[in-house]
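Got the viewer open? Load the model, switch to cartoon, and keep the selection box handy.

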Amino acid sequence: LTSPGIVRISKALQSINTLTSLNLSYNNITDEAANDIAAVISLNAQLQELDISNNNLQATGLTTIAKSLKSVCTLTKLYISNNVNPEHETANRTTLSNDASSSIAVAVSCNTKLRKINVSENGFSIMGTVRALQDISTITKLFLSNSYVTNNLAVVIAAVISCNTGLQVLDISKNHLQHTGITPIAKALQGINTLIKLYISNNSITDEAAEDIAAVLMCNSELRLFDISHNKLQATGAVTILKVFQNHSTIRKIYVDNNDITEVASEDIATVCANNAQLKELYFNDNSFTGTEAYNLYSHC
């Protein structure tokens with residue numbers, strides 16, 4: 001569906017006030033449909049799940065929809081990722097993006113029972129939204145990838161994590177946090193033991209952060225997926241982190257591709273493979289192994 005189709009459906013839905021779930025993802029929706037979608041939301045005060053991710057809404061449209069959420073206080077799931085493309089915004093892009101960010105933050109603050117929130121890949125800062133999340137303690141899934149996370153915002157994210165000790169999924173990939181940004185988040189994650197998926201790829205992570213990350217993994221023995229790909233890990237850091245998985249029986253997928261890991265780490269990685277019969281996927285491509293070491297590694301997996 002495109003915006004005209006969504007507009008027609010939205011107008012029909014405006015005669016309904018019993019919706020609890022509304023999923024409009026992957027529909028190529030533009031700002032043209034925002035007012036009608038907002039009208040539907042305003043009429044359904046018991047809405048629990050809203051997914052408008054992966055469309056072509058820009059800051060103006062997101063602002064309109066987010067403002068309508070002030071009439072709802074029952075949301076448990078809010079997915080608005082992959083919409084705003086900075087290249088499509090006008091000369092007032094900064095102002096419009098700030099309006100969208102502020103409106104989303106207000107919507108979040110009105111819905112203190114949120115369990116799942118995805119504000120990734122929208123081309124503007126999410127500082128206000130994350131600050132609002134500090135007043136929520138029910139979050140189990142938090143997606144913040146490619147969201148202009150600065151070191152100051154990383155500290156706020158750490159505070160959110162500390163308030164949500166039942167967190168199961170965290171995605172902070174593509175933020176180039178480096179050691180100073182990843183450290184407060186990692187230390188906060190050491191206070192929970194419920195993680196099953198952790199995505200920290202594309203963050204310029206070096207060996208300096210390895211011990212803190214390893215401590216997170218030790219506290220979360222039920223982890224099933226770990227993605228630290230596309231970083232700057234070398235053999236020492238990789239060994240520190242991957243040794244933890246020698247005692248994990250639940251891990252299914254490990255992504256350590258596109259780092260700078262050499263054959264020094266091969267023995268420990270092979271041990272991880274040998275000790276985890278349930279391991280389904282190991283991505284180790286685009287590192288610095290030679291052909292012989294790579295063969296020795298995969299012969300254990």
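Here is a short tour, stop by stop. One thing to keep in mind throughout: this is a predicted model.

**Stop 1: the sheet.** Colour the strands first. Ten of them make up an open sheet, running from β1 through β2, β3, β4, β5, β6, β7, β8 and β9 to β10, with parallel pairing. Now pick out β1 (21-23) and β10 (281-283), the edge strands, each of which has a pairing partner on one side only. Going by the average, and ignoring direction, neighbouring strands here are turned by 5° against each other.

Zoom in on the β10 edge. Select residues 253-255, which are strand β9; three bridges link β9 to β10 in the parallel sense. Show Ile254 as sticks and look across to β10: Leu282 stands opposite.

**Stop 2: the core.** Next, go for the largest nonpolar core, which has 93 residues. Which of its members touch the most others? Select Leu50, Leu170, Leu189 and Phe226. Then add helix α6 (residues 151-163), which gives this core its largest share, seven residues.

Stay on Leu170 and display its surroundings. Beyond its neighbours within four places in sequence, Leu170 contacts Leu142, Ile161, Ile185, Leu189, Leu195, Lys197, Leu198 and Tyr199. Leu189 is thus on both lists: a contact of Leu170 and one of the core members with the most partners.

**Stop 3: helix α3.** Select residues 59-68. This helix is mostly covered, with seven of its ten residues buried. The buried ones are Ala59, Gly61, Leu62, Thr63, Ile65, Ala66 and Ser68.

**Stop 4: an acidic side chain in α2.** Move to helix α2 (residues 34-43) and find Asp36. Is Asp36 buried or exposed? It counts as buried, because its relative accessibility is 12%. Turn on Gln14 too: the two side chains, Asp36 and Gln14, share a polar contact of 3.3 Å. Setting aside residues up to four places away in sequence, Asp36 touches Val7, Ser10 and Lys11 as well as Gln14.

**Stop 5: the cysteines.** Finish with the sulfurs. How many disulfides does the structure hold? Zero. Select Cys73 and Cys110: the Cys73 sulfur has its closest cysteine sulfur there, at 8.3 Å, so the gap is too far for a bond. Cys73 counts as exposed, because its relative accessibility is 52%. Then try Cys219, whose closest cysteine sulfur is in Cys163, 18 Å away and therefore also too far for a bond. With 31% relative accessibility, Cys219 counts as partly exposed.

Notes
Residues are numbered from 1 along each chain as its sequence is written. This is a predicted model: local features need pLDDT of at least 70, side-chain atom pairs count only at pLDDT 80 or more; totals for chains, interfaces and linings use all residues. Side-chain values use heavy atoms; hydrogens and water are left out. A nonpolar core is a set of buried Ala, Val, Leu, Ile, Met, Phe, Trp, Tyr and Cys residues joined through side-chain atoms within 4.5 Å. Buried means under 20% relative accessible area, exposed over 50%, partly exposed in between (1.4 Å probe, protein chains only). Helices (H or I, at least four residues) and strands (E, at least two) are DSSP runs, numbered from the N terminus. Contact means heavy atoms within 4.5 Å. Two strands pair if DSSP finds at least two bridges between them. Axes are lines fitted to C-alpha atoms, for helices over the stretch in contact, and angles run from 0 to 180 degrees between N-to-C directions. A polar contact is a pair of N or O atoms within 3.5 Å; within protein, one must be able to donate a hydrogen and the other to accept it, and residues adjacent in sequence count only if both atoms are side-chain atoms. A disulfide is a pair of cysteine sulfur atoms within 2.5 Å.
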